[in-house]
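This report describes how two chains are built and how they meet. The sequence and the structure are shown first, and the account follows.

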Amino acid sequence: MDGKPRSEREVRARKLAVFLVCLFLFLTAGCATVAPQERAILADPTMQFDAETKHDAALRHAIENREGSMGGTGASGGGCGCN
Amino acid sequence: MRVQLTRTVALLALSAVARPAYAQVAEVDTAHSVFYEAPTRTHMFVYSPSLDVQVSPWSWLDVRAGWEADVVSGASVKVKAGPSYGATHSPDVVTTASVHDFRNVGRGELTVKGDATSLTAGYAYGTEHDYRSQSVHASARTDAFQHNTQFELSYAHNFDSVCDRVQSASAVDPTQWLALETSADCFTSATGRTTHPIAVDTYEASWSQSWTPVVATQLTYTAQLVDGFQSDPYRSVVLGEGLLAQEHEPNERAREAVTARVAWYLRPVRGALRVAVRGYHDTWAIDSGSAEVEAEKSIGEALRVLLRARLYRQTGAVFWSDDYTGGSPPLGPRGQYWSGDRELSPFSSWLVGLRVVWALAPPNRRLLGVVQSLKLAASANVSSSTYDQYTLGGIPVSNARAYVGTISLSAAF
């Protein structure tokens, strides 16, 4: 966040670290077993990451247009509305 | 044999048409949002209505159609100047930059569902006075490990075009290009207007995982390649004494972001805590990070209340300067590009919000004889940005607060 461009080596090291963390989590994912009868809470609306996507769409659109970044909220497109 | 086959086909057809008494076959959603922002000397008001209809003629197929619009009025920065230029001049940065636009987007989408997989494809068409957008997208989702793991891959491609003025034949250098005055005659055959293409490819992969009966996570990677005219065609930047040029940003931009989210249910309070962190980097040298916390609690059977807080911080684009005419660092020229876009400057922001959802789904009966479930939601959010360097002719931007309010209604039939 200091505004200095990162070296290629540093970028590569960070990407490798992220990849290794993801690989570790992925390999342990199969060990996590939540039985169907235990899934009631996971199905609760408060546990959904995008339970109100349509309601929050305008807020996400406003945030993306006021920031220089994007990502993490779906890949569908359709218009700019940014001028 | 033939009779048996006919019976089987008839039964299959019947099972497709005749459904259980309370199966949901259609859903209608409408949302209405207002956005208001009034930083120094500018006011921006946006009203955004939307309507979506989903029909599920069979259990394996969802068909969606939708429309959304932005009705925009206000003012934006027309001429960007910085403190060293503003000290000796009084640039008119705002008053002639009134904005009135009407963005319309129509979209359609199909989802084919299996027991553990689904495939979605869709198309969207958007118009503004000065912008056209066509977008196709596709996504595939699959469940694994007894539905404890979900993977999703998405891809979207935009074929967009933006209106601009035809530059004089003698203006061979971008420092001589002039900004577009108005959107009049855009997307017509008028001689003074042209269009620039913009291609946007967005790739996304996400992995959702249930770890315990009360903890779930999601990891998402997003990459985007943008190729085309990305400047604001209306904005000029002061480059020197008597030198005013249309904003000029690079045509290519590669962007990537990683988002990690966790949801944790707290049984004693009948609610969940959701935390999201995102890291972002692009080839314009913008690095950003955000952290978001949402706490949502059920009150009774029908009501849910959510509190939200978000912090955001970004660095500026490598070609960003608040004053390209000079001054002490970090002011000064930045090579072959110049921009007056405050979203490309270094800044931080915070956001807080409240959302209330009231959902009614009475078992074994329909409201008014047709409505299976009803959901009404309302939210209010306020955000504030603090700009490290961005000024309007040397005047710091104050009161950079934005307010977003939304109400929505969903009904399933």
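## The buried helix of chain A

In this predicted model, helix H2 of chain A carries a series of buried residues: A:His55, A:Asp56, A:Ala57, A:Ala58, A:Leu59, A:His61, A:Ala62, A:Ile63 and A:Arg66. The partners against which these buried residues pack belong to chain B, namely strand S1 (26–37), strand S2 (44–58), strand S18 (373–387) and strand S21 (401–412).

H2(A) is made up of 14 residues, and the distance from its first C-alpha to its last is 19 Å, close to the 20 Å expected at 1.5 Å a residue. The helix has a kink of about 30°, and the centre of this kink is A:Leu59, a residue that also appears among the buried ones.

## The nonpolar core shared by the chains

In soluble globular proteins, nonpolar side chains tend to be buried together. The largest nonpolar core here has 11 residues in all. From chain A come A:Ala57, A:Ala58, A:Leu59, A:Ala62 and A:Ile63, and from chain B come B:Ala31, B:Phe35, B:Val46, B:Val72, B:Ala402 and B:Val404. At least two residues of this core are supplied by each of H2 of chain A and S1 and S21 of chain B. H2(A) provides the largest share, with 5 residues. A second, separate core consists of 9 residues, among them B:Val162, B:Cys163, B:Leu180 and B:Val200.

One member of the largest core, B:Ala402, has contacts in both chains. Apart from neighbours within four places in sequence, B:Ala402 is in contact with A:Ala62 and A:Arg66 on one side of the chain boundary, and with B:Phe35, B:Glu37 and B:Ser383 on the other.

## The contact between chains A and B

How many residues does each chain bring to the contact? Chain A brings 42 residues and chain B brings 85 residues. On the side of chain A that touches chain B, the elements that give two or more residues are helix H1 (8–29) and helix H2 (53–66) of chain A. H2(A) gives the most to this side, with 6 residues. By character, the residues on this side of chain A divide into 19 nonpolar, 16 polar and 7 charged.

## The two chains in outline

Chain A contains 2 helices and 0 strands. It has 83 residues, of which 35% count as buried.

Chain B, by contrast in its listing, has 2 helices and 21 strands. Of its 413 residues, 33% are buried. The C-alpha trace of chain B spans about 90 × 55 × 40 Å along its principal axes. Among contacts in chain B with a separation of 6 or more, 60% link residues 24 or more positions apart.

## Antiparallel strands of chain B

Strand S6 (residues 117–127) and strand S7 (residues 131–144) of chain B run antiparallel and are joined by 11 bridges. Within this pairing, B:Ala121 stands opposite B:Ala138 in S7(B). The hairpin from S6(B) to S7(B) passes through 3 residues.

S7(B) also pairs with strand S8 (residues 149–165) of chain B, in the antiparallel sense and over 14 bridges. Here B:Asp143 is placed opposite B:Gln150 in S8(B). The hairpin of S7(B) and S8(B) has 4 residues between the strands, and B:Phe145 in it takes a positive phi near 50°.

## A three-stranded sheet and a nearby loop residue

Chain B also has an open sheet of 3 strands, in the order S4-S11-S12, with mixed pairing. Its edge strands, each of which pairs on one side only, are strand S4 (79–80) and strand S12 (243–246) of chain B. S4(B) runs parallel to strand S11 (residues 236–240) of chain B, and 2 bridges join them. The bridge partner of B:Val79 in S11(B) is B:Ser236.

B:Leu178 is found in the loop between S8 and strand S9 (193–212) of chain B. Is B:Leu178 buried, partly exposed or exposed? It counts as partly exposed because 14 C-beta neighbours lie inside 10 Å, whereas a buried residue requires 20 or more and an exposed one has 12 or fewer. The C-alpha atoms of B:Leu178 and B:Leu244 are separated by 7.7 Å, although these residues are 66 residues apart along the chain. Not counting residues up to four places away in sequence, B:Leu178 touches B:Arg165, B:Gln167 and B:Gln246.

How values were computed: Residues are numbered from 1 along each chain as its sequence is written. Chains are lettered from A and ligands numbered from 1 in the order in which they are written. This is a predicted model: local features need pLDDT of at least 70, side-chain atom pairs count only at pLDDT 80 or more; totals for chains, interfaces and linings use all residues. Two strands pair if DSSP finds at least two bridges between them. Two residues are in contact if their C-beta atoms, placed from the backbone, lie within 7 Å. Ala, Val, Leu, Ile, Met, Phe, Trp, Tyr, Cys and Pro count as nonpolar, Asp, Glu, Lys and Arg as charged, and the others, Gly among them, as polar. The expected span of a helix is 1.5 Å times one less than its number of residues. The bend at a residue is the angle between axes fitted to the seven residues ending there and the seven starting there. A nonpolar core is a set of buried Ala, Val, Leu, Ile, Met, Phe, Trp, Tyr and Cys residues joined through C-beta atoms within 7 Å.
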